[in-house]
Amino acid sequence: SKLLVEMMLKWMGRIYGINYVIFRYFNVCGSDESGEIGDSKKPSQLLVQNAVRGAMGIEPFFLTCGKVDTPDGTPIRDQIDVSDLATAHLRAYEYLTEGGQSDVFNLGNGTGYSVLEIVKKVEEIFHTEIPRKQGEARKGEYAKIYADITKAKEKLGWKPIKTLEESVLNLKKWYTKHPNGYDF
């Protein structure tokens, strides 16, 4: 579906002369610094959010990764804080309004964290051990996936500034205020 939308944007650009920016971003984490806007998906596919929920006792934490060829045997994934992602959207708007041409950009932190590194960071911040259950391993996991963000830095003047720790602390604020997500 993502590829189809990209193709549609490219067709619209050719047919109607519309300039666009396509973002290919990686695993989104974190929440708004105020703790008022955050992740409310249940179940969530997002590792950092699930680890924080597990550390706070909101719901069980399941490891859903099989063993892969990395130093600790768990997949390495790029994480991007939602605030950094919002900033990238603003930079794309500025880029287009200043005459920028249609383009595609990768967004992430440019490196990655293993699943166990993330779990250990959450445990360190919460001063607790997350009770872990082994879930069904996802099929077809790559050992490492992270973004090359060079073009976004060069053309948009964008780079991520939030650390994994900041993302976790903001999620802590969010889930403290909204342990069950939004109350509609």
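## The largest pocket

Helix H2 gives the largest share of the lining of the largest pocket, 4 residues. Keep in mind that this is a predicted model. The pocket holds about 540 Å³ of space. It's lined by 24 residues, and the ones closest to the centre are Gln45, Leu47, Asn50, Thr64 and Arg138. If you're tracing the wall by element, look at strand E2 (27–29), helix H2 (47–55) and strand E3 (61–63), the elements that each put two or more residues into the lining.

What about the chemistry of that wall? The lining residues split into 13 nonpolar, 7 polar and 4 charged.

## A closer look at Asn50

Asn50 is worth picking out in your viewer. This residue belongs to helix H2, and it's one of the residues closest to the centre of the largest pocket. Is Asn50 buried or exposed? Its relative accessibility is 17%, and the cut-off for buried is under 20%, so Asn50 counts as buried.

Which residues does Asn50 touch, leaving aside those up to four places away in sequence? The contacts are Ser44, Gln45, Glu59 and Phe61. Of these, Gln45 also turns up among the residues closest to the pocket centre, and Phe61 falls in the range of strand E3 (61–63).

## The second largest pocket

Next comes the second largest pocket, with about 460 Å³ of space. Here 18 residues make up the lining, and Lys2, Phe23, Arg24, Tyr25 and Phe26 sit closest to the centre. Helix H1 (2–16), strand E1 (21–25) and strand E2 each supply two or more lining residues. H1 gives the most, with 5 residues.

Strand E2 is a familiar name by now: it gives two or more residues to the lining of the largest pocket and does so for the second largest pocket as well. By class, the second pocket's lining comes to 10 nonpolar, 2 polar and 6 charged residues.

## Rings and charges

How many aromatic pairs does a search of the whole structure find? The count is 4. Phe23, Tyr95 and Phe105 come together as one aromatic cluster. You've met Phe23 already, as one of the residues closest to the centre of the second largest pocket.

Phe105 has a charged partner too: the charged end of Lys151 sits over its ring, 5.4 Å from the ring centre. Another lysine does something along these lines elsewhere, with Lys172 lying over the face of Phe126 at 5.1 Å from the ring centre.

Note on methods. Residues are numbered from 1 along each chain as its sequence is written. This is a predicted model: local features need pLDDT of at least 70, side-chain atom pairs count only at pLDDT 80 or more; totals for chains, interfaces and linings use all residues. Side-chain values use heavy atoms; hydrogens and water are left out. On a 1 Å grid over the protein atoms alone, a cavity is a set of points where a 1.4 Å probe fits but cannot get out, and a pocket is an open set with protein on both sides within 12 Å along at least five of seven lines; lining residues have an atom within 4 Å of a point. Grid points are joined across faces, edges and corners, and a volume is the space filled by probe spheres set on the points. Ala, Val, Leu, Ile, Met, Phe, Trp, Tyr, Cys and Pro count as nonpolar, Asp, Glu, Lys and Arg as charged, and the others, Gly among them, as polar. Rings of Phe, Tyr and Trp (its six-membered ring) pair if their centres lie within 6.5 Å; planes under 30 degrees apart count as stacked, over 60 as edge-to-face and the rest as tilted. A charge sits over a ring if NZ of Lys or CZ of Arg is within 6 Å of the ring centre and within 35 degrees of the ring normal. Buried means under 20% relative accessible area, exposed over 50%, partly exposed in between (1.4 Å probe, protein chains only). Contact means heavy atoms within 4.5 Å.
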